[in-house]
Amino acid sequence: MSACPDCGAALQTPLVCEGCGALQSTAAIPSPFEVLGLVRGWHVDSAELGRNLLRLTRLTHPDFHGIHGNEARQLAERNTALVNSAYSTLNDDVLRAEWLLADMGAPSPDEERQMPQQFLMEVLEWNEVLEEVRAETTPDNQSRLEGLRTDLQTQRTASLEQLGGRLQAADPGDPRTLRQELNTVRYLDRTLSELNELALEQSSTRGD
Amino acid sequence: MGYIELDVLDGAPRRIVIGIDLGTTNSLAALWEDDRPVILRQEGSSGIIPSVINFPAEGAPLVGKQARAQAVVDPQHTLFSVKRLLGRGLADLRGELKDLPYAISENANGVLEIEVRGQTYTPPELSALILRATCDEACAAFENAEIASAVITVPAYFDDAQRQATRDAARLAGIEVLRIVNEPTAASLAYGLDQKGEGTVAIYDLGGGTFDVSILSIEGGVFRVLATNGDTQLGGDDFDRVIVELIREDLAGELSAEDLADPAFLQAARLAAEKCKIALSSDPRHEVHLSLPDIGLNWRHRVTREEFEKRISPLVDRTMDCCRRALADAGIEPSELDEVVLVGGSTRVPLVRARTEEFFGRPPHTELNPDEVVALGAAAQAQVLMGGTRDILLMDVTPLSLGLETVGGAVSKLIERNSTVPCSVTEGFTTYVDGQSGIDFNIVQGEREMAADCRSLGRFKLTGLPPMPAGMARVAVCFHIDANGLLTVTAKEETSGVRTEIEVSPSHGLSEGDMEAMLQAGFDNASEDFDRRRVADLKAEIGTMLLAVKKNQTAADEKLDPESHKELADAAARASKACDGDDLDEIRSARDEFEQASLPLAAVLMDHVVKGAIQGKSLDEV
């Protein structure tokens with residue numbers, strides 16, 4: 001851990017000294033875990049993450065540095081953007097998994113597009129239901145839509161837990177397998193957001 | 001008569017930092033004082049400046065109440081709701097054009113131009129006039145003050161072009177912008193400070209021309225926006241337009257198409273509609289009366305609240321769709337909200353109150369003055385930015401996703417909507433052709449998949465790449481959305497370390513050149529204004545000197561030598577004559593001569609004063 005050049009206190013984050021409040025400029029982009037002062041890994045305590053975000057933002061936000069001149073304001077803009085980006089990466093299960101996968105050199109979604117075999121059969125079934133629900137808004141289809149949403153949610157939680165378990169382990173195993181599992185979660189997210197859009201559309205057209 | 005006037009040496013004017021709510025219908029300024037924000041108003045005034053401009057045949061444009069009073073008598077030269085034009089192009093205005101009683105076009109930069117009395121004005125220039133008037137009102141609330149800088153609010157759903165246009169307006173008005181703050185966020189700040197409210201809050205802000213809804217978490221002085229949604233072309237103006245449409249339908253048989261499109265008719269119908277809307281907030285029915293003797297019109301028509309509500313219902317539905325989306329993005333159910341706060345004059349409409357109550361499942365909070373709460377919040381934020389307090393922290397978001405147009409016209413998203421600002425993303429680009437020296441890209445804002453359906457912020461051009469084989473250049477382009485919600489783009493070629501130039505041509509914005517020209521014109525006008533004020537000051541000074549001479553005429557007659565006496569009389573006559581004209585140089589030299597000629601009298605009187613003082617007489621007796 002390096003020390004603050006201004007007051008000598010040990011830096012908990014590379015962006016700002018929590019002792020004297022001096023903004024630090026870094027040449028390299030620090031990892032989101034470093035930025036928010038957390039241990040690298042899948043498991044993140046969301047309460048701690050939230051607390052750290054607020055504590056750091058209170059120090060780095062441009063609102064508090066504007067009066068110290070343009071240079072300070074720009075550094076505050078940059079460092080707060082890094083804090084925000086680190087927070088959104090760590091606060092989102094998929095983005096956090098993406099970061100960990102990229103960090104261990106796993107293939108990108110473009111390099112490995114496959115999903116695990118056993119999952120594909122279920123996808124076909126879901127798509128069938130989705131097509132039918134989309135075609136016609138009936139009370140029966142409404143409840144099928146809700147049912148589909150619950151199924152997908154359950155599957156997402158299960159897939160994510162499995163992936164998270166591997167990522168937290170000392171040896172996460174084959175990076176390609178991890179990528180395929182993460183692809184499953186991303187697929188489910190896309191479908192779920194389509195379902196949400198559909199539900200919003202149906203509830204907003206009700207009144208017309 | 002500098003010798004005998006006992007001037008109190010005044011300090012420099014007090015430099016104040018204010019918050020300005022630059023509204024579609026009204027504008028207002030507030031200041032932080034004694035630990036709370038207060039509206040800046042003169043004795044007996046609400047402080048509210050109607051956002052209306054009138055261009056009289058001669059002289060400076062009128063802004064505010066005076067301008068609004070001209071609406072019916074001088075409709076073609078009276079401009080309303082210019083905020084709806086900021087950062088927009090002709091295509092954005094769609095159906096609104098037919099209701100505007102003035103000529104509007106688009107210049108080569110995609111900036112709107114409004115023609116009044118043979119002169120064209122862009123929306124930032126017009127907004128600058130309103131900002132200036134608002135600042136003048138704010139300064140008038142003090143004896144001796146000038147605006148050092150200001151926090152200016154904008155609708156949360158304003159895109160980059162609309163924010164840039166607002167900042168341009170402030171620059172043209174000579175105001176240093178400390179920060180651009182989102183209106184619902186400012187309102188939440190005022191609400192949180194006033195009510196000490198904590199928890200998850202929805203701010204429903206329906207103003208004259210724009211609608212925003214923001215979901216915030218307020219905790220320990222941190223105001224964190226979780227999601228925002230809105231419509232920058234939906235507000236009370238649209239409610240008015242619904243009534244105008246009703247008037248038009250009813251008069252379609254009676255009036256010709258030309259009369260129905262006549263500016264005088266449109267302006268009168270618009271004002272009658274606004275009056276009707278306001279009346280229907282308290283009365284179940286209202287009689288609209290239109291009297292236009294020029295076209296032989298004297299028309300009365302009763303509008304019921306029921307009829308009005310039926311017609312605005314689809315508009316209110318649109319606001320509810322926005323609320324639904326904001327809640328979905330925040331991941332919050334209506335039942336999880338601790339409070340719903342209504343902001344903006346249009347939330348006085350009973351249907352709006354009823355529908356928000358129904359949607360959120362609780363009576364909304366309406367204790368704060370919906371017209372003032374945004375300006376008050378802006379003043380609180382100004383206090384934070386000036387280093388006055390660190391107890392308050394605003395964490396706002398960018399309302400729209402930011403993306404790049406890819407080959408084939410699709411959008412590749414860089415920054416998701418509702419990302420906390422400031423935020424930045426760096427993307428790598430390369431060249432497709434050997435020796436290619438530049439890369440063009442189109443930056444868009446919006447949620448649609450195709451770039452054509454989103455709003456283009458402009459074409460950005462990277463230039464000055466060193467000659468390299470195709471695919472070898474590595475250009476890192478950083479897109480940064482700052483705390484104002486404004487985008488900046490910087491680029492660097494990484495293999496050679498060359499900092500590439502970025503040329504930005506905004507789709508709907510003033511270029512640097514335009515700004516320079518307008519600022520120069522502003523300075524020219526300012527120097528004219530300055531001359532006028534100088535003339536007025538000199539005349540006042542001469543007036544005081546003439547009075548002083550008259551008061552001491554006996555002393556002059558008795559004690560002055562004949563030569564000095566004549567010189568003084570001549571100089572006084574010349575100065576008095578110069579005051580009949582408006583020539584600055586002439587008045588100035590007459591004043592100087594007069595002052596010179598009055599010196600002997602001053603000396604005589606001084607002598608008297610000293611003697612008087614020794615004899616124990618007061619100054620008044622001299």
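User: Where in chain B is the place of Arg84(B)?

Analyst: In this predicted model, Arg84(B) sits in the loop of chain B that lies between β7 (78-79) and α2 (90-93).

User: Why does Arg84(B) count as buried or exposed?

Analyst: A residue is called buried if 20 or more other C-beta atoms lie within 10 Å of its own, and Arg84(B) has 21 C-beta neighbours inside 10 Å, so Arg84(B) counts as buried. Leaving aside neighbours within four places in sequence, Arg84(B) is in contact with Thr24(B), Gly209(B) and Gln233(B). Gln553(B), by contrast, is 469 residues from Arg84(B) in sequence, and the two C-alpha atoms are 62 Å apart in space.

User: What makes β18(B) and β19(B) the edge strands of their sheet?

Analyst: The sheet in question is an open one of five strands, with the order β18-β13-β14-β15-β19 in chain B and mixed pairing. Its edge strands are β18 (339-343) and β19 (393-395) of chain B, each of which pairs on one side only. From one strand to the next the twist averages 25 degrees.

User: How do you know that β15(B) and β19(B) pair?

Analyst: Two strands pair if at least two bridges are found between them; three bridges join β15 (residues 222-231) of chain B to β19(B), and the two run parallel, so the criterion is met. As one example of these partners, Val222(B) is bridged to Leu393(B) in β19(B).

User: Which helix packs on this sheet, and which strands does the helix touch?

Analyst: Helix α5 (residues 183-195) of chain B packs on the sheet, touching β13 (199-206), β14 (211-219), β15, β18 and β19 of chain B, and its direction makes about 40 degrees with that of β14(B).

User: What makes β25(B) and β26(B) an antiparallel pair, and to which sheet do they belong?

Analyst: They belong to an open sheet of three strands, in the order β22-β25-β26 of chain B, with antiparallel pairing. The edge strands here are β22 and β26 (487-493) of chain B, each pairing on one side only, and neighbouring strands are turned by 20 degrees against each other on average, direction ignored. Strand β25 (residues 475-481) of chain B and β26(B) pair in the antiparallel sense over seven bridges, and since at least two are required, they count as paired. Within β26(B), Leu487(B) is the bridge partner of Ile481(B). Helix α3 (residues 70-91) of chain A packs on this sheet, touching β22 and β25 of chain B, with its direction at about 85 degrees to that of β22(B).

User: How many residues of each chain are in contact, and which elements of chain B contribute?

Analyst: On the side of chain B 22 residues are in contact with 20 residues of chain A. The elements of chain B that give two or more residues to this side are α9 (305-330), α11 (373-385), β19 and β22 (423-429), and α9(B) gives the most, with five residues. The residues of this side of chain B divide into 11 nonpolar, five polar and six charged.

User: What is the radius of gyration of chain A, set against that of a compact globule?

Analyst: A compact globule of 208 residues would have a radius of gyration near 17 Å, but chain A has 22 Å. The C-alpha trace of chain A spans about 65 × 50 × 30 Å along its principal axes. The domain assignment gives chain A domain 1 (1-91) and domain 2 (117-205), and the centres of these two domains of chain A, taken over C-alpha atoms, are separated by 35 Å. Chain A has seven helices and zero strands, and 27% of its 208 residues count as buried.

Key. Residues numbered from 1 in each chain as written. Chains lettered and ligands numbered in written order. Predicted model: local features only at pLDDT ≥ 70, side-chain atom pairs only at ≥ 80, totals over all residues. Helix = DSSP H or I, 4+ residues; strand = E, 2+ residues; numbered from the N terminus. Rg over C-alpha atoms; globule rule 2.2 N^0.38 Å. Buried ≥ 20, exposed ≤ 12 C-beta atoms within 10 Å, placed from the backbone. Contact = placed C-beta atoms within 7 Å. Axes fitted to C-alpha atoms, helices over the stretch in contact; angles between N-to-C directions. Domains from an automatic or database assignment. Nonpolar A, V, L, I, M, F, W, Y, C, P; charged D, E, K, R; others polar.
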